[in-house]
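Here are some exercises to work through with the model open in front of you. Try each task before you read its solution.

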Amino acid sequence: EEVGRMKADTPVAVAKAAEAFMHDLVHACAANARQRGAGEVKTQDVQVAVTTLETFSLLQDVVEGAEPEADKPAPKNKRRKPTMAAPPAAASGRPPDAARSAS
């Protein structure tokens, strides 16, 4: 039998549960990366979290087929181009129409 209706607070509860689950998964993956001495989370960190922690066992089918990434050299930091200055109307703190009429 299909459910045709849902209480208004149900999506909020589901969203909060999903957020808590993701929070715990990300923290477990980050802990694995730190343990490896790495500065970024890789596929293997997710695989370790999923295979060693019961909480994430429902994701085992997902990570079984994932191939670990090859270690790549870290990208060099590129210098960012300077941003353009704000137009005079924005710099005055007045809305654009007010800046035009004040001139």
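Let's fix one term before we start: two residues are in contact when they have heavy atoms within 4.5 Å of each other. This is a predicted model, where local features need pLDDT of at least 70 and side-chain atom pairs count only at pLDDT 80 or more, while totals for chains, interfaces and linings use all residues. Residues are numbered from 1 along each chain as its sequence is written, and side-chain values use heavy atoms, with hydrogens and water left out.

**Exercise 1: the overall layout**

Task: Work out how many helices and strands the chain has, and what share of its residues is buried.

Solution: Start with the DSSP runs: helices are H or I runs of at least four residues, strands are E runs of at least two, and both are numbered from the N terminus. By that count, the chain has 5 helices and 0 strands. Written along the sequence, the pattern is α-α-α-α-α.

Next comes burial, judged by relative accessible area: under 20% is buried, over 50% is exposed, and partly exposed is in between (1.4 Å probe, protein chains only). Buried residues account for 14% of the 103 residues.

Last, look at the contacts between residues at least 6 apart in sequence: 38% of them join residues at least 24 apart.

**Exercise 2: the nonpolar core**

Task: Find the residues of the largest nonpolar core and say which helix gives the most to it.

Solution: First, know what you're looking for: a nonpolar core is a set of buried Ala, Val, Leu, Ile, Met, Phe, Trp, Tyr and Cys residues joined through side-chain atoms within 4.5 Å. The largest one here has 7 residues: Leu-25, Ala-28, Cys-29, Ala-49, Val-50, Phe-56 and Val-63. Helix H1 (10-36) and helix H2 (43-52) each supply at least two of them. H1 gives the most, with 3 residues.

Now zoom in on Phe-56. Skipping neighbours within four places in sequence, Phe-56 is in contact with Phe-21, Asp-24, Leu-25, Ala-28, Ala-49 and Val-50.

One of those partners, Phe-21, lies in helix H1. Phe-21 counts as partly exposed because its relative accessible area is 23%. Phe-21 and Phe-56 are 35 residues apart along the chain, yet their C-alpha atoms are separated by 8.7 Å. Leaving out residues up to four places away in sequence, Phe-21 also touches Thr-55, Leu-58 and Leu-59.

**Exercise 3: two packed helices**

Task: Describe how H1 and H2 pack, and sort the residues of their contact by type.

Solution: Two packed helices are described by the angle between their axes and the distance between the axes. Axes are lines fitted to C-alpha atoms, for helices over the stretch in contact, and angles run from 0 to 180 degrees between N-to-C directions. H1 and H2 pack at about 120°, with their axes 8 Å apart.

On the H1 side, the contact is made by Leu-25, Ala-28, Cys-29, Asn-32, Ala-33 and Arg-36, and on the H2 side by Gln-44, Asp-45, Val-46, Val-48, Ala-49 and Val-50. To sort them, count Ala, Val, Leu, Ile, Met, Phe, Trp, Tyr, Cys and Pro as nonpolar, Asp, Glu, Lys and Arg as charged, and the others, Gly among them, as polar. That gives 8 nonpolar, 2 polar and 2 charged.

**Exercise 4: Asn-32**

Task: Is Asn-32 buried or exposed, and which residues is Asn-32 in contact with?

Solution: Asn-32 sits in helix H1. Asn-32 is buried, because its relative accessible area is 14%. Leaving aside neighbours within four places in sequence, the contacts of Asn-32 are with Asp-45, Val-48 and Ala-49. A polar atom of the Asn-32 side chain lies 3.0 Å from the backbone oxygen of Asp-45.

**Exercise 5: Glu-69**

Task: Which residues does Glu-69 contact?

Solution: Glu-69 lies in the loop between helix H3 (60-64) and helix H4 (88-92). With a relative accessible area of 40%, Glu-69 is partly exposed. Leaving aside neighbours within four places in sequence, Glu-69 is in contact with Lys-42 and Thr-43. Glu-69 and Lys-42 are 27 residues apart in sequence, and 7.0 Å apart from C-alpha to C-alpha.

How values were computed:
Polar contact = N/O pair within 3.5 Å; in protein donor to acceptor, adjacent residues only side chain to side chain.
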